[in-house]
Amino acid sequence: MKNTHDTNLNTPNMKEGTIKDVYSHIKDHGHAKVSHQYMRNVKNQLRLVFWETTAGCNLECIHCRRLDVSTQLTKDDMTTEESYEFIDALVETGNPILVLSGGEPLFRPDIFDIAKYAVNKGLTVALATNGTLVDEAMAKKIVDAGVSRVSISIDGADAETHDNFRKLKGSFERAIEGFNHLKKLGMSMQINCTIAKHNSHQLHDLYNLALNLSAEAIHIFMLVPVGCGVEIADDQMLEPERYEYILNEFYDLSKEAKIQTKATCSPHYFRIMRQRAKEEGITITPKTHGMAAMTKGCLAGTGVCFVSHKGEVFPCGYLPVNAGHVKKQPFKEIWKDSPVFMKLREPDLLGGKCGECEYKKVCEGCRARAFYETGDYMAEEPYCIYKPKIAKTR
């Protein structure tokens with residue numbers, strides 16, 4: 001008897017939705033076609049919006065993208081009413097996951113009103129926090145606001161490593177406490193880790209920490225030399241060979257399938273995943289590689305964008321190339337027609353070895369690192385050691 005469920009999944013008109021929603025329907029699917037279709041996102045549907053709700057923060061982390069870290073709310077933050085209007089514009093554009101970030105989003109006194117408004121409009125809302133402000137009362141407010149997932153940044157497997165990076169003694173302990181308060185209330189929890197020289201030797205320990213905390217996911221972010229990252233690039237950026245090694249390590253950990261794993265700001269991972277799977281004789285499907293089968297490397301401007309606390313729209317939080325401003329033009333128009341986004345949606349315009357690479361449509365290289373190195377966000381990724389096949393024949 002024909003499996004109609006499989007047939008529906010393989011049709012060109014597979015229902016669009018958040019990656020979590022779609023994955024829940026295809027996670028046991030053993031064919032590559034379904035996840036590949038979602039990954040390609042040929043219509044450039046908006047899937048994830050990172051919104052810097054405020055520049056204010058209680059920490060001064062050495063890797064922060066901002067050069068103007070503030071310990072108080074800034075006058076340029078969008079007002080509550082402007083925030084509602086922005087959310088309305090998102091709903092008109094698509095059905096993205098909205099990530100409320102900062103700075104530290106919990107600095108905003110109206111953050112829960114904003115979250116509730118977005119949830120009531122039908123959006124899936126996530127919260128990205130450093131966790132240090134989350135006590136029992138704050139955890140309850142987050143849950144009551146309808147937030148679907150909270151990510152807490154842990155950048156060291158022990159207090160000394162994390163606290164030195166975060167520039168606040170006790171921040172590790174407070175982040176763990178915040179995590180546990182939320183977990184106790186049933187919140188879906190994610191650990192974010194910025195991987196750089198100070199903690200690259202702790203990848204396994206960070207992974208085990210996430211397991212021990214019963215996190216649903218661990219996302220690693222490879223340091224991008226933008227904002228304050230420029231100031232620490234020489235000291236903290238991994239060498240390309242070490243970068244490659246870490247991503248291979250992460251692939252090995254992902255195969256344990258004990259937790260959701262995601263390499264972010266690490267486009268090479270999706271080339272490595274395919275190389276390793278080929279060596280192992282495995283076809284990449286939702287059943288074998290989870291959500292990683294449904295996504296690709298650099299998503300800036302193709303399925304993802306970043307909106308600053310002022311309302312500026314960028315391809316991602318690390319690529320300072322302005323694509324528009326939500327206070328000056330309709331967001332839907334920015335997403336659909338911005339020349340910056342249009343260019344990023346054409347991988348054939350990639351320069352250097354990225355343009356020649358057989359993996360360019362699943363990797364695309366980090367556009368922010370290319371911009372940092374050359375001033376051209378379509379130039380080749382400077383932290384990649386892979387030599388494309390076409391180049392090897394010369």
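Helices and strands here are DSSP runs, a helix having at least four residues and a strand at least two, and they are numbered from the N terminus. With that in hand, let's start the tour of this predicted model.

**Stop 1: a loop residue.** Select V42, which sits in the loop between α3 and β1 (48-52). Is V42 buried or exposed? Its relative accessible area is 58%, and because the cut-off for exposed is over 50%, V42 counts as exposed. Now add T302 to the selection: the two residues are 260 positions apart in sequence, yet their C-alpha atoms are 9.0 Å apart in space.

**Stop 2: the helix before that loop.** Step back to helix α3, residues 32-40. Colour V34, S35, Y38 and M39, the buried residues of this helix. Look down the axis of α3 and you will find them within an arc of 130 degrees, so they line one face of the helix. Just after α3 comes N41, with a positive phi near 45 degrees.

**Stop 3: the sheet.** Switch to a cartoon view and trace the ten strands, which make an open sheet with mixed pairing. Their order is β7-β6-β5-β4-β3-β2-β1-β8-β9-β10. At the edges stand β7 (260-264) and β10 (324-325); each has a single partner strand, so one side of each lacks a neighbour in the sheet.

**Stop 4: walking across from β2 to β5.** Begin with β2 (residues 97-101) and β3 (residues 124-129), a parallel pair joined over four bridges. Show V99 and you will see A126 of β3 opposite. Next, β3 pairs with β4, again in the parallel sense and over four bridges, and here L127 has V150 in β4 as its bridge partner. Bring in helix α6 (residues 136-144) as well: together with β3 and β4 it makes a right-handed β-α-β unit. One more step takes you from β4 to β5 (residues 188-195), a parallel pairing over five bridges, where S151 stands opposite Q190.

Pause on β4 (residues 149-153) and display its side chains. How many of its five residues are buried? The count is five of five. R149, S151 and S153 point one way from the strand, while V150 and I152 point the other way.

**Stop 5: the core.** The largest nonpolar core has 94 residues, and I142 and F331 touch the most other members. Helix α11 (residues 240-254) gives the largest share of this core, six residues. Centre the view on F331 and pick out its contacts from farther along the sequence, including L46, F86, A89, L90, C305 and V326.

**Stop 6: salt bridges.** The structure holds 15 of them. Try K327 and E82, whose closest N and O atoms are 3.4 Å apart. K327 lies in the loop between β10 and α14 (331-337) and E82 in helix α4 (residues 80-93), so the pair ties together parts that are 245 residues apart in sequence. K327 is partly exposed at 44% relative accessible area, and E82 is partly exposed at 26%.

Then move to D110 and R108, with closest N and O atoms 2.8 Å apart; both residues are buried. For your last selection, take K258 and E256, bridged at 3.7 Å. K258 counts as exposed at 57% relative accessibility, whereas E256, at 38%, counts as partly exposed. Finish with D252, K255, R276 and E280, joined into one network by salt bridges that share partners.

Definitions and conventions
Residues numbered from 1 in each chain as written. Predicted model: local features only at pLDDT ≥ 70, side-chain atom pairs only at ≥ 80, totals over all residues. Heavy atoms only, no water. Pairing = 2+ DSSP bridges. Buried < 20%, exposed > 50% of the residue type's maximum accessible area, 1.4 Å probe, protein only. Arc of directions from axis to C-beta. Right-handed = clockwise from strand over helix to strand, strands pointing away. Core = buried A, V, L, I, M, F, W, Y, C linked by side-chain atoms within 4.5 Å. Contact = heavy atoms within 4.5 Å. Salt bridge = Lys/Arg side-chain N within 4 Å of Asp/Glu carboxyl O. Lists of a residue's contacts leave out its neighbours within four places in sequence.
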